[in-house]
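Okay, thanks for coming, everyone. I'll walk through one structure today, inside first and surface last. Here's the sequence with the model.

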Amino acid sequence: MEELLEEALVPEEEQPYEVPGNWIWVYSKFLLDFIGGGTPPKGYNKYWDGDIPWATVKDIKGRYLVTTRDKITVAGLENSSTTMAYENELLLITRMSPGKSTITKISTAINQDLKIVRPKIQIQPYFLWLFFTVNRTLIESMSTGTTVKGVQVEKLKKIPFPVPPLKEQIRIAAKVERLLSKIDEAKRLIEEAKETFELRRAAILDKAFRGELTRKWREANLSTTITNNELNEEHYIIPKEWKWTTIGEITTFVGSGSTPKGGSDIYQTEGIPFIRSQNVLRNKMDIENIV
């Protein structure tokens, strides 16, 4: 910390929020180097399908990078502008999904849409990942471009960075990792529960149409309302009081709707409600924004 110049410190009026007294605010350009990558020429087979991992935006999916879809050869590495990132370095997306980051657990080359964020002083990799994760929305707001958004490195260098002592960085990283792991586990359990709920729901509906839910009621009431009950061998067994039929025999098709000429330009705030597909949800109607 002592080697940081006075000009590196962020003035109090520019500090985004208050931090503990043993932390300091520093402009990112005095702390971090942003190292770009590149892509070996696609037309040369000798540059591809080698043993060197080559990371792109599509590989950045979580806190850690453990594998890449593509690999390059030594010739591909030496004959392109790609750069090697080493284990436990931070990779930051600066184009397409600017602000998203990951810690690589492997040595990997990178393409031009990524940057290796290499600290000039001791900064714990996980704490560095936390910083960019917290500031992802800010980085997105700094990005420009119509079809594909990207952020300039010079803008990244101007972001204030709160620097705790290294030991405190390690403690913060360890606690956050524990908490995030608990959240991930809770999310997994919720997804499993959703699958179970769907299976139970389907089972209940299936029983409803097999007469299993009303078995006790039939035994008590001995319903004989329907007597014509020839078993349809192509389906499944139903109670003797039930009857197999078809939708066409018991319903009448009235007609389908259409959108009036003029589309949304003719919609009014008062008049006859007009039901559209977005109003029909699962098991209910949503008429809050009906036209």
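So, which residues in the largest nonpolar core touch the most other members? Keep in mind that this is a predicted model. The core has 26 residues, and the ones that touch the most other members are L31, L32, V117, I123, L128, F132 and F161. As for where the core comes from, β2 (32-36), β7 (90-93), α2 (125-134), α3 (136-142) and β11 (160-163) each put in at least two residues. Helix α2 has the largest share of the core, with seven residues.

Let's zoom in on F132. Skipping its neighbours within four places in sequence, F132 is in contact with L32, F34, L90, L92, G99, S101, V117 and I139. There's also another core, lying apart from the big one, with 10 residues, including A85, L91, I110 and L114.

Next, the aromatics. The count comes to 11 aromatic pairs. Take W23 and F127: the ring centres are 6.4 Å apart and the planes sit at 80°, so we call that pair edge-to-face, the cut-off being over 60 degrees. What parts of the chain does this pair link? Distant ones: W23 is in the segment before β1 (24-27), F127 is in helix α2, and 104 residues separate them. Both W23 and F127 are buried.

Compare that with Y126 and W129. Their ring centres are 5.3 Å apart with planes at 55°, so this pair is tilted. Y126 and W129 both sit in helix α2, three residues apart, which is about one turn of the helix. On the burial side, Y126 has 6% relative accessibility, so it counts as buried. W129 comes in at 8%, so W129 counts as buried too. And if you follow the ring pairs around, W23, F34, F127, F131, F132 and F161 are linked into a cluster. You'll remember F132 and F161 from the list of core residues that touch the most other members.

Okay, charges. The structure holds 13 salt bridges, and I'll show three of them. In the E177–R63 bridge, the closest N and O atoms are 3.2 Å apart. E177 is in helix α5 (residues 166-208) while R63 is in the loop between β3 (48-55) and β4 (64-65), so this bridge ties together parts that are 114 residues apart in sequence. Is R63 buried or exposed? At 17% relative accessibility, R63 counts as buried. R63 and E177 are also linked with D184 in a network of salt bridges.

Second one: the side chains of E198 and R282 meet at 3.2 Å, N to O. E198 is again in helix α5, and R282 is in the loop between β12 (280-281) and β13, so here the parts tied together are 84 residues apart in sequence. E198 counts as partly exposed, with 40% relative accessibility.

The third is D206 with R210, where the closest N and O atoms are 2.8 Å apart. D206 is partly exposed at 36% relative accessible area, and R210, at 28%, counts as partly exposed as well.

Last stop, the surface. Which residues form a nonpolar patch there? I275, V280, M285 and I287, with about 370 Å² of accessible area together. I287 is in the segment after β13 (284-285), and with a relative accessible area of 51%, I287 is exposed.

That's my tour, so over to you.

Conventions:
Residues are numbered from 1 along each chain as its sequence is written. This is a predicted model: local features need pLDDT of at least 70, side-chain atom pairs count only at pLDDT 80 or more; totals for chains, interfaces and linings use all residues. Side-chain values use heavy atoms; hydrogens and water are left out. Patches are made of residues with over 30% relative accessible area and no salt bridge: like charges are joined within 9 Å, nonpolar side chains (Val, Leu, Ile, Met, Phe, Trp, Tyr) within 5 Å. Accessible areas come from the Shrake-Rupley method with a 1.4 Å probe; for residues, only the protein chains shown count as cover. A salt bridge is a side-chain nitrogen of Lys or Arg within 4 Å of a carboxyl oxygen of Asp or Glu. Helices (H or I, at least four residues) and strands (E, at least two) are DSSP runs, numbered from the N terminus. Buried means under 20% relative accessible area, exposed over 50%, partly exposed in between (1.4 Å probe, protein chains only). A nonpolar core is a set of buried Ala, Val, Leu, Ile, Met, Phe, Trp, Tyr and Cys residues joined through side-chain atoms within 4.5 Å. Contact means heavy atoms within 4.5 Å. Rings of Phe, Tyr and Trp (its six-membered ring) pair if their centres lie within 6.5 Å; planes under 30 degrees apart count as stacked, over 60 as edge-to-face and the rest as tilted.
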